[in-house]
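Trainee: Could you pick one part of this model and take me through it slowly? I'd love to see how you follow a single piece of the chain to the pieces around it.

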Amino acid sequence: MFWQVAISIAAAQLLHRRRQTIVSTLGVALGVGFFIATSSVMSGSENDLVQRLVNNSPHITMKDEFRTAAKQPIFVAMPDATVKLTNTKPREYLRGIKNYGAIVDELSQQNDVIAEAALTGQAIVRYASKDVGASIAGIDPEKERYLTTVERDMREGSLMRLKTASQGIVIGRGMSARLGLGMDDLATVVSPTGLVRRMKVVGIFSTGNLLLDEGQVYMLIKDAQVLLDKPFIANRIRIKIGDPDQAESFAARIESRWGYRSESWQEVNRDFLGLFVIRNTITYSIVGAIMVVASFGIFNIISTIVMEKRRDIAILMSMGFRAYDIQAIFLVQGAVVGIVGMLLGWCIGLVLLQMLASIEFTIPGMSEKQHIVLDRGFFQFALGGFFSLVSAVGAAWYPARKASQVRPVDIIRGAA
């Protein structure tokens, strides 16, 4: 019964100052709407980049190197020698992951783990008197389609044709356009060792990334070993696991097991992920400031009502309303403004999201038009609504407290 009376009194007082109530409500609504739009853009772009990092490349890459440089034999043999040797010639060894086949087999036996040995290097692709520098990746096509999205990005041909074609290569659309290379054309591939091979284009992919589309070439690992003059050698083991969030701990385990440097996608992209934290902090601080400014409107209107309705407050107290009853009435006013502002803000947010989703733009280095990636999840709306209610009730708290401290005897005597 009390809450029905409290809500009716709160509504009557808000409607009495209709213009100020509308302005305060619109302030909260705009704050919620812009919070939803900004938060959706920030969260959507972050999720999109993380998904690209997770899906477009292996979760873990084991390299033919060690995290710390190995000590030279002379320092291992005589660590406490009296004479210090300088300018020693370091021992050179053949680069590559030793016994990579056994490592791949052991990793592949684990649940939800896909492992592939690969050989990477540099080469020059030549066609019609034009040269293009390229990164060579010798792969297993059967596993590559699970490790990356190259199979999904194919525009002509197929990645699996590498297994059936003799000395086949898969190139990007950018390289195809730059050299005039088409399907089934023969290109000349020159390795750093001077070895020259004629290879047939069996597939053309397009990722939308200019660097990959112009500079990446895929071939069978055995063809890469011959081209780079590294028979029976792999310098990468690329791994994908069931839970990408566990890549860092999984990489640490296999590095301690075999010693080779193993980098997770989180380690490789730590700078990007750190920038997201800073960007989100700045964004939410700015949007939070908008909500604070909107709450000042609520503070102003309720403070004014308290000043104008001191006589009414005294009458209510003389009728039996207690101090916390009076405080509850004014807190209800703040909550009503917050709830109405939240509902209007959700509508404004939906309109803003629809407008943002229709925007197209071209980014230098990307071959296709891009759209703003939005996160339309319930979390953004719930968080915006929560902030609106907290700011509205928080702004109403101090005026409500002052109203509850009114002494009805002094007010009635002053009126008399």
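Mentor: Happy to! Let's start from one pair of residues: R126 has T188, in strand β6, as its bridge partner. Keep in mind as we go that this is a predicted model. The strand that holds T188, β6, covers residues 186–190 and is mostly covered, with 4 of its 5 residues buried. On one side, β2 and β6 are joined by 3 bridges and run antiparallel. Strand β6 also pairs with β7 (residues 196–205): here there are 5 bridges, and again the strands run antiparallel. If you look for A187, you will find M199 of β7 standing opposite. Follow the chain from β6 to β7 and you trace a hairpin, with 5 residues between the two strands. In that turn, G194 has a positive phi of about 95°.

β2, which spans 113–127, leads us to a helix, since this strand is among the elements covering the buried residues of α10. Others include β1, α4 and β9. Helix α10 runs over residues 247–258 and reaches 16 Å from its first C-alpha to its last, close to the 16 Å expected. Which of its residues are buried? They are A247, F250, A251, I254, E255 and W258. Seen down the axis of α10, these buried residues fall within an arc of 135°, so they line one face of the helix. Here is a handy rule: an α-helix has 3.6 residues a turn, so residues three or four places apart point the same way. Just after α10 comes G259, with a positive phi of about 90°.

Now for the rings, where the count comes to 4 aromatic pairs. One of them is F66 with Y260, a stacked pair at 5.3 Å centre to centre, with 20° between the planes. This pair links distant parts of the chain, 194 residues apart: F66 sits in the loop between β1 and α3, and Y260 in the loop between α10 and β10. Y260 counts as buried because its relative accessibility is 8%, and the cut-off for buried is under 20%. F66, at 38%, is partly exposed.

Another pair brings us back to the hairpin: F205 and Y218 meet edge-to-face, 5.7 Å centre to centre and with 65° between the planes. F205 belongs to strand β7, and Y218, 13 residues apart from F205, to strand β8. F205 is buried at 2% relative accessibility, and Y218 is buried at 10%.

Definitions and conventions: Residues are numbered from 1 along each chain as its sequence is written. This is a predicted model: local features need pLDDT of at least 70, side-chain atom pairs count only at pLDDT 80 or more; totals for chains, interfaces and linings use all residues. Side-chain values use heavy atoms; hydrogens and water are left out. The expected span of a helix is 1.5 Å times one less than its number of residues. Buried means under 20% relative accessible area, exposed over 50%, partly exposed in between (1.4 Å probe, protein chains only). The arc is that of the directions from the helix axis to the C-beta atoms. Contact means heavy atoms within 4.5 Å. Two strands pair if DSSP finds at least two bridges between them. Rings of Phe, Tyr and Trp (its six-membered ring) pair if their centres lie within 6.5 Å; planes under 30 degrees apart count as stacked, over 60 as edge-to-face and the rest as tilted.
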